[in-house]
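Subject: Structure handed over, with notes

Dear colleague,

Please find below the structure that I promised to pass on to you. My notes follow it, and I would be glad if you read them with the model open beside you.

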Amino acid sequence: MLALWLSGALSVAQAVELSAGPMFEDGYRPGARVGAHWDLQTYDRQRNNGDTTRHAFSGGPDLATYVVRGVHWSTLPGGTVAWRRSGARGLRLEADIGASLVVQKNLAPTYTIEDEELVEVRMAGRLKWAPTARIGVGLTPTDSRSWGLVLRPSVFVESRQNGMRAPILANELALTWSP
Amino acid sequence: MRTMLTVVLALAMSGCAGEPGWIDDRFFVRTDDGTDLYVHAVGDSTTNDYVLFLHGGPGGGSSSYELAPSAPTLHDKLVMVYLDQRGQGASEGRTRPEDLTLPMLADDVVLVMDVLDQLYMADRVGEPRLWLMGHSWGGLLGPQVLLETDAADSLAGWIEVAGAHDIPKLHADSIDMLIEAADGELEGKLDEDTEAAWKDIRTTASKIPRTNPSLEELLELNDLAHSASDLIEAVVYEKTPGSVTFDWLRHRPNSSLANLTTGRQVADALLDKEKDRSWSERYRELTLPTMLLWGRYDFVVPPTLGEDVQLKVAAETVDLVILEDSAHFPMFTEPDAYTDAILDFIAEAS
């Protein structure tokens, strides 16, 4: 089903935009995100001042990662669908929603007691999933340049503790490139 | 310039890590059901005193206590072991909030004690001592550990700071204390805003039932008590040194928004279950050296709770210390008196 959807999506995709940049969890913890988005459907809208804005419904995979120093390292493979508005003068507004798997590796040692002996659990970590939402504002690739720069505040709503959803805030500064 | 100085100080502070006996370990303790409990052990181990700290809340975490101006002094004199209780702070697991219970949290504490024993104390020269310390909600969890498990046999003493060991008494005494304080304040000369605030506190406190409160009424009174503490001029929060804040931010184990949202759910679930819990009479079974440390203006957990159990504890050493210029967070308002009281007690009870 997924393969069918993907092949269908790719067949109607019109353009691809790649993005990569640093991401800061909770505003300051280091991380990064890379992604690719294909335009699935676009339409141009004529504004009153004569400019044309392009609206695109796009989708694609991404990979985010961040480190909580000395505690854990999370890697989030996933994907989003987005609405993207690109102005004639290069102003980009966008909104994404999607989901990610959260592969969390404990960086702090993890101990347990087995048969009354202290044991360190090797490769300890957790697997979670996280619905994600992201908005973006910045510069879009235009006819005259193939790159853009977008600030993307994000929220990963991780299934973190005790079955509760824990929103993790992140800010990404993405360099985008449209070949 | 100030920022640079802060960075330099922070780097200088991290130099403690190389000193013999200095511990600065962050680790998880995994429970049988796969929950990872986050622990930070920090301080000088040469004195052989380890203090396992149970944070307040519930629903908070222990990392904010490391921001207290009292923390650096305590770390210089002993090892503070900060535990994030199940479902709180950086601890993670699968248990739903509605399944959380006080015995479950107490079992976690006992497991962490076992790990601490094997990690630090078992092979140590001399006689290492482990103390249990609880603040606020931690003062309700502590007695569960001390009175309902065998853990007391392995402990050197119990330090209770504004401990909520008797919720019904806490609730009734808090109402009485708020009304009495409001009456006293309103007799004096106040500015318009302060007078209105005390009148509002008095009116609201009078309307909350003294017995069998609902969770909402319990939480409303809690908010009111914090507001009243903020109106007391004698209670002044000391500024945390920039170097401590910088170091704390570098190592903070959890995210601010996650902490807020999950913390609220944990608090509601646990308080709803424990709102009738009273350990006061059971303190007669407590034979460990005990210190009860309160702020005079603690409307959240009134000092009458400490006074009430002082005479009940069966131990030879039972100290009650009331800090005159503090409310619910004496570690932030009178850090020197707070650390002196704890260190004096440990020296005395050792």
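Helices and strands are named here as DSSP runs, with at least four residues for a helix and at least two for a strand, and they are numbered from the N terminus. In those terms, Asn48(B) belongs to the loop that links strand 2 (36-44) of chain B to strand 3 of chain B. Please keep in mind throughout that this is a predicted model.

Asn48(B) is worth a look on two counts. Its phi is positive, at about 70 degrees, although the residue is not a glycine, and Asn48(B) counts as buried because 20 other C-beta atoms lie within 10 Å, where 20 or more is the cut-off. Chain A offers a comparable case in Asp26(A), which is not a glycine either and has a positive phi of about 55 degrees. Asp26(A) sits in the loop between strand 1 (16-25) and strand 2 (29-46) of chain A, and with 19 other C-beta atoms within 10 Å it is partly exposed. One further backbone feature is the cis peptide bond that leads from Gly57(B) to Pro58(B), with omega near -5 degrees; Pro58(B) is placed in the loop between strand 3 and helix 2 (71-77) of chain B. As background, most residues other than glycine have a negative phi, and most peptide bonds are trans.

Turning to how the chains meet, 26 residues of chain A are in contact with 29 residues of chain B. On the chain A side, two or more residues each come from strand 6 (110-114), strand 9 (147-161) and strand 10 (164-177), and strand 10 of chain A gives the largest share, five residues. Sorted by class, this side of chain A holds 14 nonpolar, seven polar and five charged residues.

The two chains also share a sheet. Its ten strands form an open arrangement with mixed pairing, in the order 7(A)-6(A)-1(B)-2(B)-4(B)-3(B)-5(B)-6(B)-7(B)-8(B). Strand 7 (117-120) of chain A and strand 8 (318-323) of chain B stand at the edges, and each has a single partner strand, so one side of each is left without a neighbour in the sheet. From one strand to the next, the twist averages 25 degrees. Where the sheet passes between chains, strand 6 of chain A and strand 1 (residues 22-30) of chain B run parallel and are joined by two bridges, with Thr110(A) standing opposite Phe28(B). Within chain B, five bridges join strand 5 (residues 129-135) to strand 6 (residues 157-161), again in parallel, and there Met133(B) stands opposite Ile159(B).

Helices of chain B lie against this sheet. Helix 4 (residues 138-148) of chain B touches strand 3 (49-54), strand 5 and strand 6 of chain B, and its direction makes about 140 degrees with that of strand 5 of chain B. Helix 12 (residues 335-349) of chain B lies across strands 3, 5, 6, 7 (290-295) and 8 of chain B, running at about 170 degrees to strand 8 of chain B.

Lastly, helix 6 (residues 192-207) and helix 7 (residues 215-231) of chain B pack at an angle of about 150 degrees, with their axes 11 Å apart, and they are therefore roughly antiparallel to each other. Their crossing is left-handed. Among the residues that meet there are Trp198(B) and Ile201(B) from helix 6 of chain B and Leu224(B) and Leu231(B) from helix 7 of chain B; by class, this contact has seven nonpolar, three polar and no charged residues.

With best wishes

Methods. Residues are numbered from 1 along each chain as its sequence is written. Chains are lettered from A and ligands numbered from 1 in the order in which they are written. This is a predicted model: local features need pLDDT of at least 70, side-chain atom pairs count only at pLDDT 80 or more; totals for chains, interfaces and linings use all residues. Two residues are in contact if their C-beta atoms, placed from the backbone, lie within 7 Å. Ala, Val, Leu, Ile, Met, Phe, Trp, Tyr, Cys and Pro count as nonpolar, Asp, Glu, Lys and Arg as charged, and the others, Gly among them, as polar. Two strands pair if DSSP finds at least two bridges between them. Axes are lines fitted to C-alpha atoms, for helices over the stretch in contact, and angles run from 0 to 180 degrees between N-to-C directions. Angles under 35 degrees count as roughly parallel, over 145 as roughly antiparallel, 65 to 115 as roughly perpendicular and the rest as oblique. A crossing is left-handed if the near helix is turned anticlockwise from the far one by less than a right angle, and right-handed if clockwise. A residue is buried if 20 or more other C-beta atoms lie within 10 Å of its own, exposed if 12 or fewer, and partly exposed in between; C-beta atoms are placed from the backbone.
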